[in-house]
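Visitor: I should like to learn how the features of a protein model are read. May we go through one together?

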Amino acid sequence: MSNPSRRHWVLGSRQPPALDLPLAQASALLSHLGQGARDTVAEDLLRLVGAHAPLAQCTIFSFEPGRRPTVVAVGDRSRTRELPHIAEAYVNRYHRLDGLTAVMQAEWTAAQKSGTEQPRILLHRQAGADIAHAGYRQTCYTLPQVAERLAVLAMYEGRRWMSVHLYRGTEHGPFDDVAVAVVEAFAPLIVQAVRLHHTGLAAHQDLDGLLLARAVRRWPHLTRRDQDVLQALMDGLDTGTLAERLGLTPASAQTYCQRVYRKLGVAGQRELFAALLAPT
C-alpha cells in the first residue's frame, strides 16, 4: 500500500452537502438494527447511500486489538454471490495488508478520547492499484470487479473499531468528489447505526449463548446435533429453514426437532422457551 496517511482524513475537515434522507429507507434501516438477519443492515446502507452515489457492495467489519477482525454484515447488489467468501478471506488472510491497519494505529489515541455521542469518524479510500500484494488485490478487487473502496470507521467503547466498507464497481469508476461528499454526509448516521446494530446482535448472541449453556447443564444427555437443533429452535427457525441451516432433509429436521422436544419434556417451541427460562 502506498503511504496510507495520504489516503485518510477525519470527518469535519470538509463540509458535506445537505441531502434529502429517504424516510422509507431510513425507517427500514432503523427497524432492522440489532435483529437476527445481520446482513439486512448492510443491504439497507447500500440502498440508502447508493440512492445518491452508485455503489456495488457494502461490508461491515469489527476490529479489536489482538484478535482477528470479524464480519458483521455484507450487502451486495446482485454483483457476485462470492462476497461472504471474499469478506472471510479478508479477515483471515489480508486485513493486515490493508491501509486501514496503519490508520487505526495512528488514530488510536485520538479516537479513544472521543465519546460515543460524537465519535472521531475517519474515512479511508483504497483502490486495487494501491495494493502491492497480488493475492489480496486479485481476491478483493480484481475478481469482484471493484474499482475502489471507501471505508467509514469509528471506535466504540474505547477499544473496538467498526468499519463500513463501501465499494464502487469498475462500471462506476473510482469515488469522485460528489460520491465522497455523499458518503461524508451519511457518515454520522452510518457509524451510529452500525454501533446500535452490533450492540443488538451481541446482546442477542450472548442471551442465546447463556440459554444454550443452561440447557446443556440441565440436560447433559443432549448430543452436539441436539444442541445445534436447539440453537436453531431458539432462533425461531421453522422446520424448512432449520433443515437448510443444518444440511438436513425436511423430514430429518422434523425428526430431530421431535427428539429434542422429547429429551426436554416439552411439546413445542412455546413450552421449550418456558423450560429454558424456568428456575432450576
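**Reading helix packing**

Guide: Let us begin with one pair of helices in this predicted model. Helix H7 (residues 224-234) packs with H10 at an angle of about 105°, and their axes are 11 Å apart. Because angles from 65 to 115 degrees count as roughly perpendicular, H7 is roughly perpendicular to H10.

Visitor: Which residues of H7 and H10 make the contact?

Guide: From H7 come Leu230, Leu233 and Met234, while H10 supplies Gln269, Leu272, Phe273 and Leu276. By class, the contact of H7 with H10 has six nonpolar residues, one polar and no charged.

Visitor: May we look at one residue of this contact in detail? Is Phe273 buried, partly exposed or exposed?

Guide: Phe273 has its place in helix H10 (residues 269-277). Its relative accessible area is 29%, and since buried means under 20% and exposed over 50%, Phe273 is partly exposed. Not counting residues up to four places away in sequence, Phe273 touches Leu233 and Met234. Phe273 and Met234 are 39 residues apart along the chain, yet their C-alpha atoms are separated by 7.6 Å.

Visitor: How is the packing of two helices described in general?

Guide: Two packed helices are described by the angle between their axes and by the distance between those axes. Let us apply the idea to another pair. Helix H8 (residues 239-246) and helix H9 (residues 250-264) pack at an angle of about 100°, with axes 8 Å apart. H8 is therefore roughly perpendicular to H9. In this contact, Thr239, Leu242 and Ala243 of H8 meet Pro250, Ala253, Gln254 and Cys257 of H9. The contact of H8 with H9 comprises five nonpolar, two polar and no charged residues.

Visitor: At what angle do helix H3 and helix H5 pack?

Guide: Helix H3 (residues 83-94) and helix H5 (residues 134-142) pack at about 160°, and their axes lie 10 Å apart. Because an angle over 145 degrees counts as roughly antiparallel, H3 is roughly antiparallel to H5. The crossing in which H3 passes H5 is left-handed. Ile86, Ala89, Tyr90 and Tyr94 of H3 make the contact with Gly135, Tyr136, Thr139 and Cys140 of H5. Here the residues divide into six nonpolar, two polar and no charged.

Visitor: Which residues of H3 are buried, and against which elements do they pack?

Guide: The buried residues in H3 are Leu83, Ile86, Ala87, Ala89, Tyr90, Val91 and Tyr94. They pack against strand S2 (57-63), strand S3 (70-76), helix H4 (99-112), H5 and strand S6 (160-169).

Visitor: Let us turn to cysteines. How many disulfides does the structure hold?

Guide: The structure holds zero disulfides. A disulfide requires a pair of cysteine sulfur atoms within 2.5 Å. We may still ask how accessible particular cysteines are. Cys58 is buried, because its relative accessible area is 0%. Cys140 has 8% relative accessibility, so Cys140 also counts as buried.

Visitor: Finally, how many helices and strands are in the chain?

Guide: The chain has 10 helices and six strands. Of its 280 residues, 47% are buried. One may also consider how contacts span the sequence. Among contacts between residues at least 6 apart in sequence, 65% join residues at least 24 apart.

Conventions: Residues are numbered from 1 along each chain as its sequence is written. This is a predicted model: local features need pLDDT of at least 70, side-chain atom pairs count only at pLDDT 80 or more; totals for chains, interfaces and linings use all residues. Side-chain values use heavy atoms; hydrogens and water are left out. Buried means under 20% relative accessible area, exposed over 50%, partly exposed in between (1.4 Å probe, protein chains only). Axes are lines fitted to C-alpha atoms, for helices over the stretch in contact, and angles run from 0 to 180 degrees between N-to-C directions. Helices (H or I, at least four residues) and strands (E, at least two) are DSSP runs, numbered from the N terminus. Angles under 35 degrees count as roughly parallel, over 145 as roughly antiparallel, 65 to 115 as roughly perpendicular and the rest as oblique. A crossing is left-handed if the near helix is turned anticlockwise from the far one by less than a right angle, and right-handed if clockwise. Contact means heavy atoms within 4.5 Å. Ala, Val, Leu, Ile, Met, Phe, Trp, Tyr, Cys and Pro count as nonpolar, Asp, Glu, Lys and Arg as charged, and the others, Gly among them, as polar.
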